[in-house]
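Here are a few friendly notes to read with the model open beside you. Take them one at a time and find each part on screen as you go.

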Amino acid sequence: MMAERGIHVDHSTVHRWVIHFSPLLLERFNRRKRAVMGKWHLDETYINVRGRWMYLYRAIDSVGDTIEFFFSEHRDLLAAKRFIRKAIKRHGRPERIVVDGSQTNQEAIIACDGESRLRDRSRRPLKPIRIRKSQYLNNRAEQDHRRIKRRIRSMLGFKSLTCAATILSGIEMLHMMRKRQARYAYNPAPSIAEQIDILVT
């Protein structure tokens with residue numbers, strides 16, 4: 001983005017900008033984010049923070065759009081539930097979720113599905129979320145991890161959980177911008193720089 005504008009800045013300055021502005025830009029981006037499909041692919045990937053493996057939970061839909069992401073220190077039932085609750089709260093209930101062989105993710109989906117059906121105030125009966133366990137069907141999510149991991153590989157590494165979560169939110173937002181997941185009425189295919197300008201103004 002700086003190169004597009006002909007501005008040369010030090011990497012530490014860019015780092016400070018990312019830490020400060022990523023959460024603000026992501027919040028604005030989410031207001032314009034288009035609706036996702038009803039079939040989700042859920043998976044987690046490993047991120048190294050100060051020599052320890054931590055976990056980035058991610059979900060994409062059947063056309064490859066990013067649904068939600070959640071960075072966690074642990075890979076357990078509590079983290080999976082927090083991620084699924086966050087996704088359902090923002091995007092509603094899916095019809096089906098594809099997971100790999102993880103029993104924890106399956107248990108989390110069942111628990112969060114039950115909670116959302118109990119909280120539903122409409123009179124219409126809600127069908128339970130269908131869970132499909134297949135390592136091969138979930139390759140779509142595995143392939144989508146690659147672009148995130150490629151960006152992280154060129155960095156100097158993460159020093160703390162908070163810093164890693166903030167930077168990963170900025171990387172995920174730019175990934176969604178490249179997929180053109182936001183709605184812009186007057187320009188259906190803006191560049192990343194134009195999208196940033198729209199979010200800032």
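1. Let's begin with a pocket, keeping in mind that this is a predicted model. Strand 3 gives the largest share of the lining of the second largest pocket, with four residues.

2. Which residues line this pocket? From strand 3 (66–72) and its surroundings, look for Glu-68, Phe-69, Phe-70 and Phe-71, then add Pro-23, Leu-26, Asn-30, Lys-86, Arg-90, Ala-165, Thr-166 and Ser-169. Besides strand 3, the elements that give two or more residues to the lining are helix 2 (11–32), helix 3 (77–91) and helix 6 (161–178).

3. The space in the second largest pocket comes to about 190 Å³. Sorted by class, its lining has six nonpolar, three polar and three charged residues.

4. Now follow helix 3 to a neighbour. In general, a pair of packed helices is described by the angle between their axes and the distance between those axes. For helix 3 and helix 4 (residues 103–119), the angle is about 45 degrees and the axes are 9 Å apart.

5. How are these two helices placed relative to each other? Angles from 35 to under 65 degrees are neither roughly parallel nor roughly perpendicular, so helix 3 and helix 4 are oblique to each other. The crossing of helix 3 with helix 4 is right-handed.

6. Finally, zoom in on where they touch. Helix 3 brings Leu-77, Ala-80, Lys-81, Ile-84, Arg-85 and Ile-88, and among the residues they meet in helix 4 are Ala-108, Ile-109, Ala-111 and Cys-112. This contact of helix 3 with helix 4 has eight nonpolar, three polar and four charged residues.

Key:
Residues numbered from 1 in each chain as written. Predicted model: local features only at pLDDT ≥ 70, side-chain atom pairs only at ≥ 80, totals over all residues. Heavy atoms only, no water. 1 Å grid on protein atoms, 1.4 Å probe; cavity = no way out; pocket = protein on both sides within 12 Å on 5 of 7 lines; lining within 4 Å. Points joined across faces, edges and corners; volume = space filled by probe spheres on them. Nonpolar A, V, L, I, M, F, W, Y, C, P; charged D, E, K, R; others polar. Axes fitted to C-alpha atoms, helices over the stretch in contact; angles between N-to-C directions. Parallel < 35°, antiparallel > 145°, perpendicular 65-115°, else oblique. Left-handed = near helix turned anticlockwise from the far one by under 90°. Contact = heavy atoms within 4.5 Å.
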